[in-house]
Amino acid sequence: MWKCKECGACCYFIDKAKKMGYEFPYKAKKDGSCEKLIDNRCSIYEDRPDICNVEKVRRTLGKEYFEYYELMEKSCEEVRRSKGVK
């Protein structure tokens with residue numbers, strides 16, 4: 001099962017989230033990552049937007065646990081490769 005690698009790759013989803021209609025209150029840095037990503041850590045993790053909370057998004061979409069986390073693993077790996085995040 002997928003386990004977060006805490007690499008910050010998901011913080012590159014800002015433009016994709018906006019295109020999907022999600023409100024996102026923060027700007028993207030020049031590299032495309034969230035302005036709140038500092039040293040590969042979310043500086044507002046406890047108060048992050050709902051779109052940044054994997055479990056809240058899964059429930060909102062009505063996806064089954066394993067189905068959604070399999071999708072997350074694929075998405076994560078794709079972003080990590082495309083952005084060169086390790």
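**Close-ups of two pockets**

**View 1. The second largest pocket comes in at about 150 Å³.** This is a predicted model, so treat the panel as a look at computed geometry. Around the space sit Tyr12, Phe13, Asp15, Lys16, Gly32, Glu78, Val79, Ser82 and Lys83, which together line the second largest pocket.

**View 2. Two helices each put at least two residues into the lining of the second largest pocket: H1 and H3.** H3 has the largest share here, with four residues. Sorted by class, the lining of this second largest pocket is three nonpolar, two polar and four charged residues. Among the residues to look for in this panel are Asp15, Lys16, Glu78 and Lys83.

**View 3. Now for the largest pocket, with about 1,200 Å³ of space.** A total of 41 residues line the largest pocket, and those closest to its centre are Cys10, Ile51, Cys52, Val54 and Met72. Four elements give two or more residues each to that lining: helix H1 (14-19), strand S2 (41-42), helix H2 (54-61) and helix H3 (65-83).

**View 4. Zooming in on H3, this helix gives the most to the lining of the largest pocket.** Its contribution there is six residues. H3 also turns up in the second largest pocket, again with the largest share of the lining.

**View 5. What kinds of residues make up the lining of the largest pocket?** Nonpolar ones account for 29, charged ones for eight and polar ones for four. Cys10, Ile51, Cys52, Val54 and Met72 are handy landmarks, being the lining residues closest to the centre of the largest pocket.

Methods: Residues are numbered from 1 along each chain as its sequence is written. This is a predicted model: local features need pLDDT of at least 70, side-chain atom pairs count only at pLDDT 80 or more; totals for chains, interfaces and linings use all residues. Side-chain values use heavy atoms; hydrogens and water are left out. On a 1 Å grid over the protein atoms alone, a cavity is a set of points where a 1.4 Å probe fits but cannot get out, and a pocket is an open set with protein on both sides within 12 Å along at least five of seven lines; lining residues have an atom within 4 Å of a point. Grid points are joined across faces, edges and corners, and a volume is the space filled by probe spheres set on the points. Ala, Val, Leu, Ile, Met, Phe, Trp, Tyr, Cys and Pro count as nonpolar, Asp, Glu, Lys and Arg as charged, and the others, Gly among them, as polar.
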